[in-house]
Amino acid sequence: MAIISERLCFQGRQTASSTWQKLNTQSHLPSCLKRPTQRTYDYVLVAHKVEEGEEEPSQKSLKQKAFIQKLEEKNIKVTKIIHNEKVFFGLCAPMEVFEEYKYLLKVSDSCNWSGDVRGAVLQATRIRIVHFILNHTFLSNGEDLKELLKNDVFETMFCLHQRKSQKILKKNWASWSGLFVGQPVSDVRSYFGEKVALYYLWLGWYTKLLVPAAALGLVVFLYGLAFFNTNPLIKEVCEADTIMCPRCDKRCTVWQLSDTCTYAKVSHLFDNEGTVAFAMFMAIWATLFLELWKRHRAIYVSKWKVFDWCEEEEELILEIVTDTDCKPKQFRHSYIRSTLVLILVTLMLVLIIGLAHALVVFRVVAAPLLSEGSWVFISDHANTVAVMLGAVLHYVTIQIMTRLNRWVALKLCEIEKTRSFTATERSFTVKMFTFQFFTLFSSLFYVAFFLGRINGHPGNYVRIAGRWRLEECHPTGCLTDLFIQMAVIMLLKQTLNNVFEFIVPWLKRCFRRKTVKKLERKCGQCYRKACREENDCVEPCDICKLRDWLSNYHLADTNAFSLFNEFLEMVVQFSFTTIFVAAFPLAPLLALINNVFEIRLDAIKMVRLERRLVPKKTNDIGIWTKVLEAIGVLAVIANGLVIGISSDFIPRLVYRYRYGPCANGNMQTHCMQGYINYTLSLAYMTDPMVQQDFLHSQLITERGINVTHCSYKDYRNAKDYSLTAQFWIILAVRFAFVVLFEHVVVVCKFIAAWFVPNSPMRVKNQRLEDKLNRLKEELRDRKLYSRTTDV
């Protein structure tokens with residue numbers, strides 16, 4: 001890359017300035033765009049009006065003038081308009097800059113196939129180049145625009161919406177009337193750039209492929225619902241006269257297993273025979289989704305002429321356009337910095353996991369406290385209420401930690417001192433997603449794989465600080481706890497995030513539109529043709545300029561990470577949809593419903609309520625592809641462990657074929673008859689250790705009967721509480737199932753990835769034909785040039 005940069009710098013200095021006029025005459029640019037005056041401004045800088053006389057304001061004023069002078073030295077046209085206490089600087093770059101950019105694209109190694117090489121310069125390209133120039137203009141003391149904004153020399157900066165193109169997008173895309181209509185992705189690309197267009201292309205493709213996953217998840221749910229009342233396990237729970245051990249200390253008493261009949265029915269909806277097939281399907285679906293997305297992406301990036309685009313090489317080209325005496329930034333690597341970053345990342349993950357442990361402690365402490373409360377309903381359902389409160393607290397923790405994670409990730413990127421913005425973005429994405437993943441899923445991993453398995457047994461309960469007992473699972477399994485946790489977080493996160501993301505910019509726009517309306521009334525007497533016809537290339541009056549600038553100024557602010565936030569939200573949703581889908585088959589359906597509205601909400605917000613994003617050119621969704629591939633692998637592991645360890649699928653299978661009535665040759669009853677009692681162990685009150693755990697008042701039933709023994713979920717001997725042979729057999733089958741499940745699914749994933757090529761044959765053939773035509777054209781131009789030289 002350094003060699004490429006040196007070559008581009010040399011060619012930029014020697015030939016770019018002398019050839020742009022020739023390229024300009026050969027292009028098909030409208031004549032009006034070659035005039036010195038242009039209607040559309042590329043960028044606007046806003047500053048507070050500084051009064052002369054005071055020392056501090058005069059310093060700001062000097063820095064403002066110095067920065068504007070630096071821009072004018074680069075031939076940037078600056079128009080200054082003062083309105084109330086604000087100063088607006090309209091910026092417009094000359095055509096020479098864009099012709100140099102086009103020429104350097106043509107001679108580059110990777111970007112010479114871009115559609116920007118020929119034809120008119122799109123407004124999106126103009127904005128991108130001016131944005132780069134602004135951020136690479138320095139004062140004599142070394143301050144750049146970022147530092148000037150931080151020091152309040154300038155208030156803000158933004159690129160302008162194009163009213164004509166904005167109206168088209170509002171009508172065809174950013175409206176509720178197009179809720180179930182395809183997206184005009186090419187129009188989005190022309191207006192917001194390839195990076196935004198690829199996000200919406202990916203989101204639309206993801207939403208489309210959620211349809212079969214949501215349909216199958218609904219079938220699995222309906223399958224459990226169909227056998228709601230006839231399932232023998234549910235009947236056994238509902239009709240049982242089994243006395244269960246107290247769930248907590250002091251006020252919790254023994255209880256009837258039949259009291260949890262409703263809980264058992266809900267458990268069966270999400271933990272039935274169809275769950276295994278659905279989990280395997282979703283693991284393969286994740287792979288197919290990614291492979292088919294690569295094909296879908298290839299069609300569009302080939303159509304947009306950015307198939308071989310290199311972001312780092314474009315940054316080199318922009319550096320040359322900004323400064324012809326540029327020097328390439330060298331690649332650097334510091335083991336000290338890398339070690340420091342690794343240590344800090346580890347400490348951050350330890351903190352996040354520690355918060356997950358705090359949530360576990362909250363649930364453990366909340367359950368007995370709620371059971372001792374005065375509200376009968378809450379005390380009777382203390383465990384369920386504690387689970388739901390834990391989920392809500394988890395959501396609040398997520399919102400707080402998201403802001404902390406972002407700050408830490410940015411600071412770590414500053415420590416790394418990455419070479420370019422593209423490298424910084426990749427590094428930030430990996431760190432931020434890692435932090436968010438642990439923030440979101442640490443508590444879920446505890447519920448899935450540790451809840452009810454480390455709590456001990458009567459006479460030897462595991463306690464926190466020697467006081468509070470760890471939670472137990474319901475006799476029908478722990479999967480319902482995981483389902484409740486996921487459902488609450490998913491619903492809250494998706495619903496509240498969408499509400500706040502849309503309502504806040506909308507309210508800001510409503511409060512700020514009064515100023516713009518006053519200017520509209522004031523400009524009603526303007527009869528200039530340039531002000532009324534948008535296609536005219538004559539510069540409009542100052543009032544019309546200010547009206548347009550103010551309408552953009554009053555929109556919600558955007559930054560380089562605005563699109564990142566949208567991607568992160570959707571990738572986290574993809575994680576929920578795939579990783580623990582075995583516990584929540586309705587997750588794809590909820591994701592599908594959310595995404596149908598998410599596309600239009602984001603479009604309306606981006607087109608109507610927010611300032612225009614700086615268009616970025618790219619040919620892929622970047623590092624997010626690797627993140628999605630990692631999630632797909634993790635989904636195989638997690639779903640295999642959820643089915644093998646968290647659910648009761650394996651114990652039921654072992655009971656059916658080894659210990660149940662059918663295994664013993666009794667075909668007169670259902671094969672699962674007696675399963676619930678098979679999974680329970682007995683604790684006798686004559687044991688001194690058990691007597692220490694329970695008070696005498698806890699061993700009296702509602703009918704006033706003193707119990708001599710109680711049951712709890714485990715496979716232990718009643719005499720010495722040692723693990724039974726059934727436990728070890730089930731454990732062996734669990735591990736065998738997990739290994740078999742993951743190997744089978746991984747093989748299926750590899751076959752699916754091999755079977756689906758990354759690029760369609762028509763794209764490969766079209767690119768081959770384009771290359772041939774381009775080589776022929778270069779040869780014809782060379783021959784024509786030779787003849788002209790000879791003459």
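Modeller: pLDDT is the predictor's confidence in each residue, from 0 to 100. This is a predicted model, with local features needing pLDDT of at least 70, side-chain atom pairs counting only at pLDDT 80 or more, and totals for chains, interfaces and linings using all residues. Residues are numbered from 1 along each chain as its sequence is written, and side-chain values use heavy atoms, without hydrogens or water.

Colleague: In which helix of the protein chain is confidence lowest?

Modeller: The chain has a mean pLDDT of 81, and 87% of its residues reach 70 or more. Over residues 1-38 the pLDDT is below 50. Helices are DSSP runs of H or I, at least four residues, and strands runs of E, at least two, numbered from the N terminus. Confidence peaks at 92 in H7 (residues 185-192), and the lowest mean, 38, belongs to helix H1 (residues 2-26).

Colleague: How many residues of H3 are buried?

Modeller: Buried means under 20% relative accessible area, with a 1.4 Å probe and protein chains only. Among the buried residues of H3 are Met95, Phe98 and Leu105. Of the 13 residues in H3, the buried ones number 10.

Colleague: Why does Thr577 count as buried?

Modeller: Thr577 lies in helix H20 (residues 562-579). Beyond four places in sequence, Thr577 touches (heavy atoms within 4.5 Å) residues including Tyr206, Met282 and Pro588. Thr577 counts as buried because its relative accessibility is 0%.

Colleague: Which strands stand at the edges of the sheet?

Modeller: The open sheet of 4 strands has antiparallel pairing and the order S2-S3-S1-S4. Each edge strand has a single partner, so one side is left without a neighbour in the sheet; the edge strands are S2 (77-83) and S4 (156-159).

Note on methods
Buried < 20%, exposed > 50% of the residue type's maximum accessible area, 1.4 Å probe, protein only. Pairing = 2+ DSSP bridges.
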